[in-house]
Amino acid sequence: MTVWDDVVGQPEAVGVLRRAATDPAAMTHAWLLTGPPGSGRSVAARAFAAALQCPEGGCGHCRECTTTLAGTHPDLTVVATDKVVIAIDEVRDLITTAARTPSVGRYRVIVVEDADRMVERTTNVLLKSIEEPPAHTVWVLCAPSSQDVLPTIRSRCRGVVLRVPPARDVAELLVRRDGTDPAVALQAAQAAQSHVGMARRLARDPEARRRRADVLEIARRIRGVPDAVLAAADLVEVAKAEATAATTERDAAERAELLRALGVAEGETVPPKLRSQVKQLEDDQKRRATRSQRDVLDRAMVDLLSLYRDVLVVQLGADVDLVNAEQAATVRGLARDSTPEQTVRRMDAIGQARERLAGNVAPLLAVEAMTVALRPQG
Ligand SMILES: [Zn+2]
């Protein structure tokens, strides 16, 4: 076993990072790991951090390796944010941390999981530290693509690109790590289009599989405009419920923790002079809920897109595996009842809805335009 075992389907990236950890000539102090969601950016970043701390370059079982992978190594700082943006104060703190010499490890490693969530002003604060880092400090920034970070940052980092891992590799990981049944694992990995976290959730949680099936059902359910409007409302509603379920518990825990830190007893009213801090937390939580809802919706659209991709595969007679093997009957039905041109137009409509959502259009508006475009047309 080594620290690289969980970095699925990325032989090239692992090769570069592994060499850097063991060969000083291949090492540099600022890295930018890019790859689509679910490609394992943060897993790769942690594995790299462990390899940097490990005297053997990532053995996977020494104290340096295990504590780094667990996120408890004293010389590792991981910024994983649920917020929409990383705050400038947070980055200032990071730079102070970066200046300290490592306490036990070979390096001080700072991983920023969503480097794309920094506004320009914040990025500028970071620049100098990345450009001339203290000798023992390594920055590992992660982002979906190099276009998502400012050119000034990009040009100062060594880039490592992660690809979408093959579904087979993701399935193997689920079997090895979680003891998932191989057939279930492969189906989940295909349905999740190799998004590791999503595949694991689908493999483990029948409720998640049911929700996904419900989303795909939309493709068959829409017969006309009224159905389309209803389906859109349902989608948005379900996304909201799912986002709320995911955040409620955490919100309450965070609030309790803040009140404790401020010295306010449970059930006591918050004194006026402390209210702004509580308000700040509530605002952050609200933003997180909005983001979470958009993420859930985007996921639903990616699932729908995969269904129409399957339809197109059948229509064109391509010899490729269906992403949605479980929905084969629906796929064949849609393939029979429409033309490849119509399928492409539908896929475009979904893509457009995703763009609108990302651009902060009201979710219901974006989704409704999409579902209306999905209805059968002559
Ligand atoms: Zn080790």
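## Salt bridges and overall form: worked exercises

Arg200 has a relative accessible area of 18% and is buried, a value that belongs, like every other one below, to a predicted model.

**Exercise 1.** Determine which residue pairs with Arg200 in a salt bridge, and state whether that partner counts as buried or partly exposed.

*Solution.* Step 1: the side chain of Arg200 meets that of Asp178 in a salt bridge, with 2.8 Å from N to O. Step 2: this pair links distant parts of the chain, since Arg200 belongs to helix 9 (residues 196-204) and Asp178 to helix 7 (residues 167-178), 22 residues apart. Step 3: buried means under 20% relative accessible area, so Arg200, at 18%, is buried, whereas Asp178, at 27%, counts as partly exposed.

**Exercise 2.** Locate the two partners of the salt bridge between Glu131 and Arg156, and assess the accessibility of Glu131 and of Arg156.

*Solution.* Step 1: the side chains of Glu131 and Arg156 meet at 3.0 Å, N to O. Step 2: Glu131 lies in helix 5 (residues 120-131), while Arg156 lies in the loop between helix 6 (151-154) and strand 5 (158-161); the partners are 25 residues apart and link distant parts of the chain. Step 3: Glu131 is partly exposed, with a relative accessible area of 42%, and Arg156 also counts as partly exposed, at 30%.

**Exercise 3.** Work out how the positions of Arg210 and Asp214 in helix 10 relate to one another, given that their side chains meet in a salt bridge.

*Solution.* Step 1: the salt bridge between Arg210 and Asp214 has 2.8 Å from N to O. Step 2: both residues lie in helix 10 (residues 206-221) and are four residues apart, so about one helical turn separates them. Step 3: Arg210 counts as partly exposed at 40% relative accessibility, and Asp214 likewise at 41%.

**Exercise 4.** Place these pairs in the context of the structure by stating how many salt bridges it holds and how the radius of gyration compares with the globule rule.

*Solution.* Step 1: the structure holds 24 salt bridges, and Asp6, Arg176 and Arg177 are linked in a network of such bridges. Step 2: the chain carries 51 positive and 51 negative side chains, and the centres of the two sets lie 2 Å apart. Step 3: the chain has 15 helices and five strands; its radius of gyration is 23 Å, close to the 21 Å that the globule rule gives for 378 residues, so the chain is as compact as a globular protein of that length. Step 4: of the 378 residues, 46% count as buried.

Note on methods:
Residues numbered from 1 in each chain as written. Predicted model: local features only at pLDDT ≥ 70, side-chain atom pairs only at ≥ 80, totals over all residues. Heavy atoms only, no water. Salt bridge = Lys/Arg side-chain N within 4 Å of Asp/Glu carboxyl O. Helix = DSSP H or I, 4+ residues; strand = E, 2+ residues; numbered from the N terminus. Buried < 20%, exposed > 50% of the residue type's maximum accessible area, 1.4 Å probe, protein only. Rg over C-alpha atoms; globule rule 2.2 N^0.38 Å. Lys, Arg positive; Asp, Glu negative; His and termini not counted. Charge placed at Lys NZ, Arg CZ, Asp CG, Glu CD.
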